[in-house]
Amino acid sequence: VNLHTTDDEDEDDDALDALRVYPSWCYSVAFAKYQCEQQQQQQQQQCASVEQCDASKVPMDLRLIEGVNASLLLQQAILMYPEVIAPLLQKANERVLSQSQWKEILQNSYFLEAKLRRNEVSALGKLSRIYSERCYALWNNDSVLKWLCAHCQFVLHRLQ
């Protein structure tokens, strides 16, 4: 363990910590991890034995984050920024807003309060809209929307 850090390393850590508090970071990391987990599952299905896969290559990707899976990252994002969910759904796939499970989620007081905050706190509203407008295409897949819905429901259950 290196207890001596340089000022540059401290500044890099501070910058990274600052990024982690943005909704775009929270949701994007969760989505990226989800995609990595999906790829890993497909690879495992394709590689029945060790001989069929090239184990000598060390992947340099998010799948190496030990102990933190996409589901936990998404739940953290939902808990930190529930304000993103409604605009993201509206932009990604407006038809899901009429589905009963999404209606129930968005009519919950937790998400209604998030909507009020999004409207009252201009910076939060702007960050939510920017992420939704720039990244909606990533979230319009049915399996991704089911994953998002399941974790919104789970977060609401945890909050009760």
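**A partly exposed leucine, a nonpolar core and a pocket**

Leu 127 lies in helix 7. In this predicted model, Leu 127 has a relative accessible area of 31%, which falls between the 20% limit for buried and the 50% limit for exposed, so the residue counts as partly exposed. Leaving out residues up to four places away in sequence, Leu 127 touches Tyr 22 and Pro 23. The chain also brings Val 84 into the picture: Leu 127 and Val 84 are 43 residues apart along the chain, yet their C-alpha atoms are separated by 8.4 Å.

Trp 102, a residue of helix 5, makes a helpful contrast. The relative accessible area of Trp 102 is 1%, and because buried means under 20%, this tryptophan is classed as buried. Apart from neighbours within four places in sequence, Trp 102 is in contact with Ile 85, Leu 89, Val 96, Leu 145, Leu 148, Cys 149 and Cys 152. For Cys 152, the separation along the chain is 50 residues, while the C-alpha atoms of Trp 102 and Cys 152 are separated by 9.0 Å.

Trp 102 also belongs to a wider group of residues. The largest nonpolar core of the model contains 35 residues, and those with the most contacts inside it are Tyr 27, Ile 78, Ile 85, Trp 102, Phe 111, Trp 139 and Leu 148. At least two residues of this core come from each of helix 2 (23-46), helix 3 (70-80), helix 4 (85-92), helix 5 (100-106), helix 6 (109-120), helix 7 (122-135) and helix 8 (142-159). Helix 8 provides the largest share, with eight residues.

Trp 139, another of the core residues with the most contacts, is a good place to look next. Not counting residues up to four places away in sequence, Trp 139 touches Tyr 27, Phe 31, Leu 74, Leu 88, Ala 92, Tyr 131, Val 144, Leu 145, Trp 147 and Leu 148. Several aromatic residues in this list reappear in one aromatic cluster, which is formed by Tyr 27, Phe 31, Tyr 34, Tyr 131, Trp 139 and Trp 147.

Across the whole structure, a search finds six aromatic pairs. One of them joins Phe 31 and Trp 139 in a tilted arrangement, with ring centres 5.2 Å apart and 45° between the planes. This pair links distant parts of the chain, since Phe 31 sits in helix 2 and Trp 139 in the loop between helix 7 and helix 8, 108 residues apart. Phe 31 and Trp 139 are both buried. Tyr 110 and Phe 111 show another geometry: their ring centres are 5.4 Å apart and their planes meet at 85°, which is over 60 degrees, so the pair is edge-to-face. Tyr 110 is buried, and Phe 111 is buried as well.

The second largest pocket holds about 220 Å³ of space. Its lining consists of 13 residues, and those nearest the centre of the pocket are Ala 86, Leu 106, Gln 107, Leu 112 and Lys 115. Helix 4, helix 5 and helix 6 each contribute at least two lining residues, and the largest share, five residues, comes from helix 6. Sorted by class, the lining of this pocket is made up of nine nonpolar, one polar and three charged residues. Helices 4, 5 and 6 thus appear in two settings, as each of them also supplies at least two residues of the largest nonpolar core.

Definitions and conventions
Residues numbered from 1 in each chain as written. Predicted model: local features only at pLDDT ≥ 70, side-chain atom pairs only at ≥ 80, totals over all residues. Heavy atoms only, no water. Core = buried A, V, L, I, M, F, W, Y, C linked by side-chain atoms within 4.5 Å. Buried < 20%, exposed > 50% of the residue type's maximum accessible area, 1.4 Å probe, protein only. Helix = DSSP H or I, 4+ residues; strand = E, 2+ residues; numbered from the N terminus. Contact = heavy atoms within 4.5 Å. 1 Å grid on protein atoms, 1.4 Å probe; cavity = no way out; pocket = protein on both sides within 12 Å on 5 of 7 lines; lining within 4 Å. Points joined across faces, edges and corners; volume = space filled by probe spheres on them. Nonpolar A, V, L, I, M, F, W, Y, C, P; charged D, E, K, R; others polar. Phe/Tyr/Trp six-rings, centres within 6.5 Å; stacked < 30°, edge-to-face > 60°.
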